[in-house]
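I set out these entries to record what I looked up, entry by entry.

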Amino acid sequence: MLELDKAVLGMAVLRLLSGSTELVAAAFMLKWNQIEKALALNAVLALVGPLVLITTTAIGLVGIASAFRSANCSSSWPAWPLF
């Protein structure tokens, strides 16, 4: 069975939820057929988009940091010289 990295899985799930939210919002815009409501919904999506970007980037950075930490901490010596 394919083993997925937790960080990659978290990033993918968050992006799938974000994309689904965009599609649902587009359906509501078409259903309501009112420019005022569509513009308000678009403003909400404009706020959510950067939050999703920041969150997925943070998950990726934490995943990279933990992979780097586990790779470097396998030996008994520190990764950098202590003076």
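Which residues in α1 are buried? I found Ala7, Ser18 and Ala25 to be buried in α1, where buried means under 20% relative accessible area, exposed over 50% and partly exposed in between, with a 1.4 Å probe and protein chains only. I noted that the buried residues of α1 pack against α2 (35–72).

I worked from a predicted model, in which local features need pLDDT of at least 70, side-chain atom pairs count only at pLDDT 80 or more, and totals for chains, interfaces and linings use all residues. Residues are numbered from 1 along each chain as its sequence is written, and side-chain values use heavy atoms, with hydrogens and water left out.

Next I checked the ends of α1. Aspartate 5 caps the N-terminal end of α1, with a side-chain oxygen 2.8 Å from the backbone nitrogen of alanine 7. After α1 comes asparagine 33, whose phi is positive, near 55°.

I then looked for aromatic pairs (ring centres of Phe, Tyr and Trp, the last by its six-membered ring, within 6.5 Å; planes under 30 degrees apart stacked, over 60 edge-to-face, the rest tilted). My search of the whole structure gave one aromatic pair. The ring centres of phenylalanine 28 and tryptophan 32 are 5.1 Å apart and their planes are at 20°, so I entered the pair as stacked. Phenylalanine 28 counts as partly exposed because its relative accessibility is 35%; tryptophan 32, at 34%, also counts as partly exposed.

Lastly, I recorded that the charged end of lysine 37 sits over the ring of tryptophan 32, 5.5 Å from its centre; this term requires NZ of Lys or CZ of Arg within 6 Å of the ring centre and within 35 degrees of the ring normal.

Terms used
Helices (H or I, at least four residues) and strands (E, at least two) are DSSP runs, numbered from the N terminus. Contact means heavy atoms within 4.5 Å. A polar contact is a pair of N or O atoms within 3.5 Å; within protein, one must be able to donate a hydrogen and the other to accept it, and residues adjacent in sequence count only if both atoms are side-chain atoms.
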